[in-house]
Amino acid sequence: AWLRSSPRPRLTDDQAGEIARELNRPILEPVADFPPGFESSRQFEPSDVAARIRRIPWLTNCGSPLMANLSTPVLRVPDWTRAIELCRTDQWDGAELEAQNQLTVWLHMNARQDYQQWNDHVVDFKKNLINPVVVPAVRAYCRQLGLDDCVLHSVCWDVLGALMENHYLYTGHQAFFFLELLELYEAGHFPCGWSGEWPKGELYVF
């Protein structure tokens, strides 16, 4: 009806959201038939992830023995050269994107009202935590060692993913991939690649 109007009236936020949902319906509705995503052997309760992130010793234990309770088998990486090679692969980009999609698709299908606030939360987390806390610390470490920018970008994506998974835990979702990665960062390590066809496979960790 709005498209047929002449002149077209100004849309309210609710009307714009409804049009966006209708335009995306042919894409989003079939995802209900998609196979399950990453399956965690863990259960997570909401926590103060922001405070945890502020205490992280970024990348300081890369190459050291790994002590972590992960749902995925781990492949150890010997050095930064190999870690950066893996970090820049399409397979790792695809795994991180699939992990995020697992949460957004679930929210679309089961908590649409909550999902409408997604972009607001992303902006808030970037403004108040990612940009002022994570970026300076990780960028300084990367410059000190002469590391590729892909390290910083990967860290920021993973941390934001953990923040979003944690924030939406109240909806009952089971997408915990980034919350598991967060524990690797807390231990001073760097998750940097994926081997195998998502969601089954092995996680590369330096």
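Me: Why is Cys62 called buried?

Reply: Happy to explain! In this predicted model, Cys62 has a relative accessibility of 16%. Buried means under 20%, so Cys62 counts as buried.

Me: How do you know that Cys62 is in no disulfide?

Reply: A search of the whole structure finds zero disulfides. For Cys62, the nearest cysteine sulfur belongs to Cys192 and is 8.2 Å away. A disulfide needs the two sulfur atoms within 2.5 Å, so the pair does not qualify.

Me: And what about Cys142: what makes its closest cysteine sulfur no bonding partner?

Reply: Again, the distance. The closest cysteine sulfur, in Cys150, is 8.3 Å from that of Cys142, which is too far for a bond when the cut-off is 2.5 Å. Cys142 is also buried, because its relative accessible area is 5%, set against a limit of 20%.

Me: Which residues of helix H3 are buried, and why are they said to line one face?

Reply: In H3 (residues 80-87), they are Trp80, Ala83, Ile84, Leu86 and Cys87. Looking down the helix axis, these residues fall within an arc of 160°, so they line one face. Their cover includes helices H4, H6 and H7, with strands S2 and S3.

Me: What makes the contact at the start of H3 a polar one?

Reply: A side-chain oxygen of Asp79 comes within 3.3 Å of the backbone nitrogen of Thr81. The cut-off for such an N or O pair is 3.5 Å, so this pair meets the distance limit.

Me: Why is helix H8 called mostly covered?

Reply: Eight of its ten residues are buried, among them Phe177, Glu180 and Tyr185. What covers them includes H2, H4, H7, S2 and S3.

Methods
Residues are numbered from 1 along each chain as its sequence is written. This is a predicted model: local features need pLDDT of at least 70, side-chain atom pairs count only at pLDDT 80 or more; totals for chains, interfaces and linings use all residues. Side-chain values use heavy atoms; hydrogens and water are left out. Buried means under 20% relative accessible area, exposed over 50%, partly exposed in between (1.4 Å probe, protein chains only). Helices (H or I, at least four residues) and strands (E, at least two) are DSSP runs, numbered from the N terminus. The arc is that of the directions from the helix axis to the C-beta atoms. Contact means heavy atoms within 4.5 Å. A polar contact is a pair of N or O atoms within 3.5 Å; within protein, one must be able to donate a hydrogen and the other to accept it, and residues adjacent in sequence count only if both atoms are side-chain atoms.
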